[in-house]
Amino acid sequence: MKKEIITLALAAFALAGNAQILKNDLLKGYKEGDKLEKSVYNEKTAPIVMNMWCGAFSSKPNTNPSPTIGKELVYEGYAEKGPSINIGGYPAGTKGARFSIYSMTDGKQYGRGTFYLSCLVNFSKLGANGMADFLGLSASYVGGSNRANIYVAREGSDRIRFGTSLLKVKAETTMAYDYDKTHLLVLKLDYANQKVSLFVDPELSAEEPAEASCIAEGDAENVLKHAIRAVSFRNRSGFIGNVGNFRWCNSWAGIIQNGE
């Protein structure tokens, strides 16, 4: 009996060590209409507020209000549930943008290997010409140090395109996608090969797709070397949409899992 207990304990320890979903349920406890931010980082060296959405640090005070919580997004085959963040929704006359940050760690554990950020997004209006970022991964838990972003742009009058970046190197999808439709986005950081890839509406099969929708490759001046510490959301005036159902994983398998 004692031997069986030890065996089960070792198996549980091994399973935990190989966890594929590192963070999920990033909007746990929120309901529609709630404010997203629970606090604000007023100093660059402020202590971390773990696993919580806060206003990102800014050297100039940002008077735009906290984003709010919106409707649930659903994508067939994607198991992550729950509400979303409203994109835009500022009072009339508001200009500019506001960064909100979900601080995951103040350590370096997310700085080697491969990581994936998956989410659902639905846009009905874009308020900028050209590619505009709305989601990123920051090397600082207080914000302001994104290493990879997800972008969106208008394509004609009735379609949109997405893009990604590795620091200052950017790439865009060649395909266009529908407004008012929920899309699954998967951002992949590959430290070993110095690549950031974006998959748009990928097939949710056991194997990672052989080709990404677009890839940004590092160069001598754009190198993935700092660990990721936070998810960064940029709320822009003039936009209307929703983003949510986030997962932070260390393998493709984590994206397609039914749960933790």
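For the residue classes used in these legends, Ala, Val, Leu, Ile, Met, Phe, Trp, Tyr, Cys and Pro count as nonpolar, Asp, Glu, Lys and Arg as charged, and the others, Gly among them, as polar. Please keep in mind that every view shows a predicted model.

**View 1. The largest pocket and its lining.** Welcome to the largest pocket, whose volume is about 300 Å³. Its lining is made up of 16 residues, and A56, F57, S58, N62 and F99 are the closest to the pocket centre. Two elements, β6 (97–103) and β16 (230–236), each give two or more residues to this lining. The most comes from β6, which gives three residues. Sorted by class, the lining of the largest pocket holds seven nonpolar, seven polar and two charged residues.

**View 2. The second largest pocket.** Next on the tour is a pocket with about 150 Å³ of space, the second largest in the model. If you would like to select its lining, pick N24, D25, L26, L27, K28, Y30, K38, N51, M52, W53 and Y102. By class, these lining residues divide into six nonpolar, two polar and three charged.

**View 3. The largest nonpolar core.** In soluble globular proteins, nonpolar side chains tend to be buried together. Here, the largest nonpolar core has 48 residues, and W53, F123 and F162 are those with the most contacts inside it. Strand β7 (residues 114–125) gives this core its largest share, five residues. You may recognise W53 from the previous view, where W53 is one of the residues lining the second largest pocket.

**View 4. A second, separate core.** Apart from the largest core, there is a second one of 12 residues. Among its members are I21, L184, C249 and W252.

**View 5. C54, a cysteine without a partner.** A disulfide is a covalent bond between the sulfur atoms of two cysteines. Searching the whole structure turns up zero disulfides. Why does C54 have no such bond? The closest cysteine sulfur, in C119, is 20 Å from the sulfur of C54, which is too far for a bond; the cut-off for a disulfide is 2.5 Å between the sulfur atoms. C54 is also buried, with a relative accessible area of 0%.

**View 6. C214, buried and unpaired.** C214 is in no disulfide either, and the nearest cysteine sulfur, that of C119, lies 13 Å away. Is C214 buried or exposed? With a relative accessible area of 6%, C214 is buried, because buried means under 20%.

Conventions: Residues numbered from 1 in each chain as written. Predicted model: local features only at pLDDT ≥ 70, side-chain atom pairs only at ≥ 80, totals over all residues. Heavy atoms only, no water. 1 Å grid on protein atoms, 1.4 Å probe; cavity = no way out; pocket = protein on both sides within 12 Å on 5 of 7 lines; lining within 4 Å. Points joined across faces, edges and corners; volume = space filled by probe spheres on them. Helix = DSSP H or I, 4+ residues; strand = E, 2+ residues; numbered from the N terminus. Core = buried A, V, L, I, M, F, W, Y, C linked by side-chain atoms within 4.5 Å. Buried < 20%, exposed > 50% of the residue type's maximum accessible area, 1.4 Å probe, protein only.
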